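Work through the exercises below with the sequence and the coordinates open. Each task is followed by a solution in steps.

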Amino acid sequence: MPSLDETVTGVLQAVFADERRSAGLALEEVAVSTAGRRRVVRVVVDLAGDEPGEVDLEAVSAVSAAVSEALDSSSALGDAPYTLEVTSPGVERPLTTPRHWSRARGRLVRAVLADGGALLGRVESVDADGVLLRLEPQPVKGRPPRAKDVGVALPVPFAELVRGEVQVEFRRPTGDEERAGELDDELDDELDEPGGEPGAQDDAGREGER
């Protein structure tokens, strides 16, 4: 006998199979819980494609109405009142399918491996065979990259991946900021050289004229 989660999922699959009602979103997960005399139906949705991007709030609102209509028209929940929560996945959602990994392109991810190790890297690309990770120097539990491997693009087959964990980045430098940092480094190098302090030669020249 199917669980209530499975029964509700079966009802909602028809909504997401219809492009007009799905609003370009895909059904990720359904969880039904009980709060007092009410049931809480939590529906997680994501973009149907594999391109990176954020879920549009208007699309969530549209699919919420379609989901509510489908539930009201079915007998899956019986006569019990329910609260519907439709949300998009947060960064805590593990990457377990090729579409998840593809949606995470450009993100910093901790890849948990089947051998018990882990790699930290930025998702460069995804194909039918696996993920291309550009290794990052941050230490991680398991198997951190060796110093000589940092920045190396490493292909990781799906067969070796258990899951991916997206890492929260509060600030990523832009191209202009990276160039500004390089210029600062160049200036620091110049100041470290003898006579490299700005204005030092001019002051010495004025001292000689006195």
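## Exercise 1: The second largest pocket

By class, three nonpolar, three polar and five charged residues make up the lining of the second largest pocket. The model is a predicted one.

Task: state which residues form this lining, and which strands each supply at least two of them.

Solution.
1. The residues that line the second largest pocket are Glu28, Glu29, Arg42, Val44, Ser88, Pro89, Gly90, Glu92, Arg93, Pro94 and His100.
2. Strands S1 and S2 each supply at least two residues of the lining.
3. The volume of the second largest pocket is about 160 Å³.

## Exercise 2: Histidine 100

Task: place histidine 100 in the secondary structure, decide whether histidine 100 is buried or exposed, and list its contacts beyond four places in sequence.

Solution.
1. Histidine 100 belongs to helix H4, residues 98-103.
2. Its relative accessibility is 6%. Buried means under 20%, so histidine 100 counts as buried.
3. With neighbours within four places in sequence left aside, histidine 100 contacts Glu28, Arg93, Pro94 and Leu95.

## Exercise 3: The largest pocket

Task: give the volume of the largest pocket and describe its lining.

Solution.
1. The volume of the largest pocket is about 370 Å³.
2. Its lining has 17 residues, and Gly53, Glu54, Pro89, Arg103 and Arg107 lie nearest the centre.
3. By class, this lining has seven nonpolar, four polar and six charged residues.

## Exercise 4: Nonpolar cores

Task: find which residues of the largest nonpolar core touch the most other members, and which element gives the largest share.

Solution.
1. In soluble globular proteins, nonpolar side chains tend to be buried together.
2. The largest nonpolar core has 22 residues, and Val8, Leu12, Phe16, Leu25, Val41 and Leu71 touch the most other members.
3. At least two residues of this core come from each of helix H1 (4-17), S1, strand S2 (38-47), helix H3 (57-73) and strand S3 (82-87).
4. H3 gives the largest share, seven residues.
5. A second, separate core has 15 residues, including Ala104, Val109, Ala111 and Leu113.
6. Back in the largest core, take Val8. Not counting residues up to four places away in sequence, valine 8 touches Val30, Val32, Val41, Leu71, Ala76 and Leu77.

## Exercise 5: Alanine 23

Task: locate alanine 23, then give its phi and its exposure class.

Solution.
1. Alanine 23 sits in the loop between helix H2 (19-22) and strand S1 (25-35).
2. Its phi is near 55 degrees, a positive value in a residue other than glycine.
3. The relative accessible area of alanine 23 is 29%, so this residue is partly exposed.

Notes:
Residues are numbered from 1 along each chain as its sequence is written. This is a predicted model: local features need pLDDT of at least 70, side-chain atom pairs count only at pLDDT 80 or more; totals for chains, interfaces and linings use all residues. Side-chain values use heavy atoms; hydrogens and water are left out. Helices (H or I, at least four residues) and strands (E, at least two) are DSSP runs, numbered from the N terminus. Buried means under 20% relative accessible area, exposed over 50%, partly exposed in between (1.4 Å probe, protein chains only). A nonpolar core is a set of buried Ala, Val, Leu, Ile, Met, Phe, Trp, Tyr and Cys residues joined through side-chain atoms within 4.5 Å. Contact means heavy atoms within 4.5 Å. On a 1 Å grid over the protein atoms alone, a cavity is a set of points where a 1.4 Å probe fits but cannot get out, and a pocket is an open set with protein on both sides within 12 Å along at least five of seven lines; lining residues have an atom within 4 Å of a point. Grid points are joined across faces, edges and corners, and a volume is the space filled by probe spheres set on the points. Ala, Val, Leu, Ile, Met, Phe, Trp, Tyr, Cys and Pro count as nonpolar, Asp, Glu, Lys and Arg as charged, and the others, Gly among them, as polar.
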